[in-house]
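The exercises below are to be worked with the sequence and the 3D view open. Try each task before reading its solution.

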Amino acid sequence: MHPEDHTHGPDETPHTHPHPDVDPHAPLADVRDARRAVRIGIGGPVGSGKTALVAALCRTLSADLSVAVVTNDIYTTEDADFLLRNGVLPAERIRAVETGCCPHTAIRDDISANLDAIEELEDSLGPLDVVLVESGGDNLTATFSKGLIDRQIFVVDVAGGDKVPRKGGPGVTTADLLVINKTDLAPLVGADLGVMDRDAAARRGTLPTVFLSLVEDPTAKPVQEWVRSLV
Ligand SMILES: Nc1nc2c(ncn2[C@@H]2O[C@H](COP(=O)(O)OP(=O)(O)O)[C@@H](O)[C@H]2O)c(=O)[nH]1
Ligand SMILES: [Mg+2]
């Protein structure tokens with residue numbers, strides 16, 4: 001039986017459903033089976049660097065961990081194709097979900113295609129340490145169902161302007177890790193990283209925020225360390 005399956009009531013009828021009522025910041029041990037891979041959702045606007053971050057994490061984590069990836073695109077398998085072309089993981093460790101709809105839906109409302117993809121990976125590869133689920137990019141409001149992932153990373157970039165953390169939205173405000181990517185572009189677009197840091201802290205309280213440039217640090221060191229702390 002799938003770990004999300006339950007039996008309820010006298011007739012013990014099994015059914016499957018996500019758990020939106022789970023405390024999003026509960027200790028990991030409380031929200032997942034210790035034998036199962038840590039599932040990490042990666043969301044954020046189109047072009048902020050989600051796929052580039054997934055590629056960096058695959059390269060560095062797979063040196064000593066068993067890693068697999070599920071990508072979500074609306075009409076294509078572009079992100080999965082990019083990861084395959086760049087050889088960041090063997091092909092059997094990468095699955096693409098074509099959502100065919102608003103990307104929110106497949107990661108928050110009807111998560112079955114993503115759950116199926118993860119289950120297929122686990123069935124064919126055996127026990128995994130980390131599964132990365134990249135959302136189709138949209139705006140600042142995408143969040144993952146806690147029935148799909150254990151922890152969520154939200155990726156924004158400085159090229160969108162230093163106003164982005166101030167604008168808030170559930171991704172910026174509640175993600176377990178906020179990544180502010182493309183710091184190499186800050187001087188070119190006149191983005192003030194100090195302002196972004198201050199506004200992110202004001203929105204997020206004690207939740208962590210890291211600055212990153214995948215051009216200058218292709219190992220995504222601060223994100224990699226955060227992921228390793230969960231495994
Ligand atoms: N200058 C710069 N470009 C980046 C950085 N990270 C990603 N990119 C580029 O930004 C573009 C969009 O990245 P991608 O990972 O496809 O974004 P996604 O839509 O969020 O998955 C690509 O051309 C990347 O090479 C970075 O740190 N600095
Ligand atoms: Mg992408």
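Helices and strands are DSSP runs, a helix (H or I) having at least four residues and a strand (E) at least two, and they are numbered from the N terminus. The model used here is a predicted one.

**Exercise 1. The whole chain**

Task: State how many helices and strands the protein chain has, and what percentage of its residues is buried.

Solution.
Step 1. The secondary structure of the protein chain consists of 10 helices and nine strands.
Step 2. A residue is buried if 20 or more other C-beta atoms lie within 10 Å of its own, and exposed if 12 or fewer do. Of the 231 residues in the protein chain, 40% are buried.
Step 3. Turn to contacts between residues at least 6 apart in sequence: in the protein chain, 77% of these join residues at least 24 apart.

**Exercise 2. Two positive phi angles**

Task: Locate Lys 182 and Ala 220, and decide whether each is buried or exposed.

Solution.
Step 1. Most residues other than glycine have a negative phi.
Step 2. Ala 220, not a glycine, has a positive phi of about 50 degrees. Ala 220 sits in the loop between strand S9 (209-211) and helix H10 (221-230). It has 26 C-beta neighbours inside 10 Å, so Ala 220 counts as buried.
Step 3. Lys 182, also a residue other than glycine, has a positive phi near 65 degrees. Lys 182 belongs to the loop between strand S8 (177-181) and helix H8 (186-189). Lys 182 is buried because 25 other C-beta atoms lie within 10 Å.

**Exercise 3. The two sides of helix H5**

Task: Check the span of helix H5 (residues 112-125), then sort residues of H5 into buried and exposed.

Solution.
Step 1. At 1.5 Å a residue, the 14 residues of H5 should span 20 Å, and the end C-alpha atoms are 20 Å apart, so the two values agree.
Step 2. The buried residues in H5 are Asn 114, Leu 115, Ala 117, Ile 118 and Leu 121. They cover an arc of only 160 degrees around the axis, so they lie on the same side of H5.
Step 3. Ser 112, Glu 119, Asp 123 and Ser 124 are exposed on the other side of H5.
Step 4. The packing partners of the buried residues of H5 are S3, strand S4 (67-73), strand S5 (94-98), helix H4 (103-109) and strand S6 (130-134).
Step 5. Gly 126, just after H5, takes a positive phi of about 85 degrees.

**Exercise 4. Helix H2 and its surroundings**

Task: Find how many of the 12 residues of H2 are buried.

Solution.
Step 1. The 12 residues of H2 should span 16 Å at 1.5 Å a residue, and the end C-alpha atoms are 16 Å apart, which agrees.
Step 2. Among the buried residues of H2 are Lys 50, Thr 51, Ala 52 and Leu 53. In total, 11 of the 12 residues are buried, so H2 is largely enclosed by the rest of the structure.
Step 3. H2 also gives the largest share of the shell around ligand 1, namely three residues.

**Exercise 5. Ligand 1 and the listed binding site**

Task: Name the residues that come nearest to ligand 1, and compare how Pro 45 and Val 46 are placed.

Solution.
Step 1. There are 16 residues around ligand 1, and Gly 49, Lys 50, Thr 51, Ala 52 and Leu 214 come nearest. By class, the shell has five nonpolar, eight polar and three charged residues.
Step 2. An unreviewed UniProt entry lists Gly 44, Pro 45, Val 46, Gly 47, Ser 48, Gly 49, Lys 50 and Thr 51 under "binding site".
Step 3. Pro 45 lies in the loop between strand S3 (38-43) and helix H2 (50-61). Pro 45 counts as partly exposed because it has 19 C-beta neighbours inside 10 Å. Beyond four places in sequence, Pro 45 is in contact with Gly 137, Asp 138, Asn 139, Leu 140, Val 156 and Gly 160.
Step 4. Val 46 is found in the loop between S3 and H2. Val 46 has 10 other C-beta atoms within 10 Å and is therefore exposed. Leaving aside neighbours within four places in sequence, the contacts of Val 46 are Gly 137 and Asp 138.

Key
Residues numbered from 1 in each chain as written. Chains lettered and ligands numbered in written order. Predicted model: local features only at pLDDT ≥ 70, side-chain atom pairs only at ≥ 80, totals over all residues. UniProt positions renumbered as here; feature names shortened; annotations may be inferred. Contact = placed C-beta atoms within 7 Å. Near = placed C-beta within 6 Å. Nonpolar A, V, L, I, M, F, W, Y, C, P; charged D, E, K, R; others polar. Expected span 1.5 Å × (residues − 1). Arc of directions from axis to C-beta.
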